[in-house]
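Reader: I'd like a close look at one aromatic pair in this model, and then a stroll outward to the other rings and the empty spaces. Could you walk me through it in plain language?

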Amino acid sequence: MGLLSFVLLILLAGLVLGLAVWGGFALWYQCPGARRARVLAILAWSVPALATLASLAGAGSALRWGPIAFVLALVLLLSWWRGIRPSHERRWADDVARMLVSQVNGDQVALQQVRNFDWRSEADYDIRWETRHYDLAQLVSADLVLSYWMGPAIAHTLVSFGFADGQRLVFSLEIRRERGEAFSALGGFFRKFETVIVAADERDILRTRTHARGEDVYLYRLRLRPDQLRKVFLGYLERAAQLHQTPRFYNTLTSNCTTIVFELARRLSPGLPLDYRLLLSGYFAEYVYDHGVMTPGYTFDQLRLAGRITERALQGGPKDDYSRVIRAGVPGVADDELP
């Protein structure tokens, strides 16, 4: 066997192995029925894949049926996969049960289904959905928030907007979990979850992370002009309206809480490059810093240290203004925003 034939054989074997692994995960996360049914489906899928690999390795004529059977199985699997559609009609968890509805008339914005839950624990909360009104002419600030829940490399990314009248609103792209369903980063590659954009009060969506979930949260003031603030704010509303009209799947790699911020940022600066920190979202704040969108005059380490709001949030009392307490000492925050 020549070198070229050997390389092609290795590449073909790698392709078959990759497709076999992908198909196994797809069946595990999407095959209907109990665990036993999923295991049987994966075993059935594995037989022609293994026979194909054995045939490529020269196991003999007895397994020459393997490649044909694998191609047929792959066609069936892909046809089934294409038929899996996102939906709005499921038994959703309470915190993602409703979708944001917006009406924009010039500077005036009316938002329905703004979440303002009172969280005592992850399982104990008061449900509250509100209609709120905002004046875009009063939009004065935006803060990038990273909430760490699985080590230093993975964080949930949120953006909080501030208005001159003291109102604040946080946008967050999240998985739309069904009742009893838990997040899986791996499942996010296999159409396990739909996507939803949540608009919420800071005492809801940030406080639940510092208090009920025990996550470590950091806040950074973004340096954006009024027209840029407006574009990003309206960009979130646009994406929420698109999701409301057409459900879409969450994807751990290409459609997540960090990629939407990057997508909206590219509307302001089309030349922003792709970066590994878009996937390893725990480092996304450093990416933003490297592109000059944070408060100048500080190193990133200084901004990170001052931006850790976890301890301030936990020390604040239930009657304190949560938004003011967590911003104490954050560079770039105006004096009238502080306690």
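Author: Start with Tyr125, which counts as partly exposed at 23% relative accessibility. Keep in mind that this is a predicted model. The cut-off for buried is under 20%, so Tyr125, at 23%, doesn't make it into that class. Its partner Trp119 does, because its relative accessible area is 8%. How do the two rings sit? A pair of aromatic rings is described by the distance of the centres and the angle of the planes. For Trp119 and Tyr125 the centres are 4.9 Å apart and the planes meet at 50°, so the pair is tilted. To be called stacked, planes must be under 30 degrees apart, and to be called edge-to-face, over 60.

That pair has company: the count comes to 25 aromatic pairs. There's also an aromatic cluster made up of Trp22, Phe25, Tyr29, Trp80, Trp81 and Phe190.

Some rings have a charge for a neighbour instead. The charged end of Arg115 sits over the ring of Phe117, 5.5 Å from the ring's centre. Arg304 does something of the kind with Tyr218, lying over its face at 4.2 Å from the ring centre.

Now for strand S10, residues 216-221. Five of its six residues are buried, so call it mostly covered. S10 runs antiparallel to strand S6 (residues 139-148), and six bridges join them. In that pairing, Val145 stands opposite Leu219 of S10.

On to the empty space. Rolling a probe the size of a water molecule over the atoms shows where it is left. The largest pocket holds about 840 Å³. It's lined by 34 residues, and the closest to its centre are Trp149, Ile175, Arg177, Phe183 and Arg213. Strands S7 (155-163) and S8 (168-176) each supply at least two lining residues, and S8 gives the most, with three. By class, that lining divides into 17 nonpolar, six polar and 11 charged residues.

There are closed spaces too: three cavities of 30 Å³ or more. The largest of these cavities has a volume of about 40 Å³. Its lining is Arg203, Arg207, His211, Ala313, Gly316, Gly317, Asp320, Tyr322 and Val325. Helix H5 (207-212) and helix H11 (322-326) are the elements that give two or more residues to that lining. Here the classes come out as three nonpolar, three polar and three charged.

Definitions and conventions: Residues are numbered from 1 along each chain as its sequence is written. This is a predicted model: local features need pLDDT of at least 70, side-chain atom pairs count only at pLDDT 80 or more; totals for chains, interfaces and linings use all residues. Side-chain values use heavy atoms; hydrogens and water are left out. On a 1 Å grid over the protein atoms alone, a cavity is a set of points where a 1.4 Å probe fits but cannot get out, and a pocket is an open set with protein on both sides within 12 Å along at least five of seven lines; lining residues have an atom within 4 Å of a point. Grid points are joined across faces, edges and corners, and a volume is the space filled by probe spheres set on the points. Helices (H or I, at least four residues) and strands (E, at least two) are DSSP runs, numbered from the N terminus. Ala, Val, Leu, Ile, Met, Phe, Trp, Tyr, Cys and Pro count as nonpolar, Asp, Glu, Lys and Arg as charged, and the others, Gly among them, as polar. Buried means under 20% relative accessible area, exposed over 50%, partly exposed in between (1.4 Å probe, protein chains only). Two strands pair if DSSP finds at least two bridges between them. Rings of Phe, Tyr and Trp (its six-membered ring) pair if their centres lie within 6.5 Å; planes under 30 degrees apart count as stacked, over 60 as edge-to-face and the rest as tilted. A charge sits over a ring if NZ of Lys or CZ of Arg is within 6 Å of the ring centre and within 35 degrees of the ring normal.
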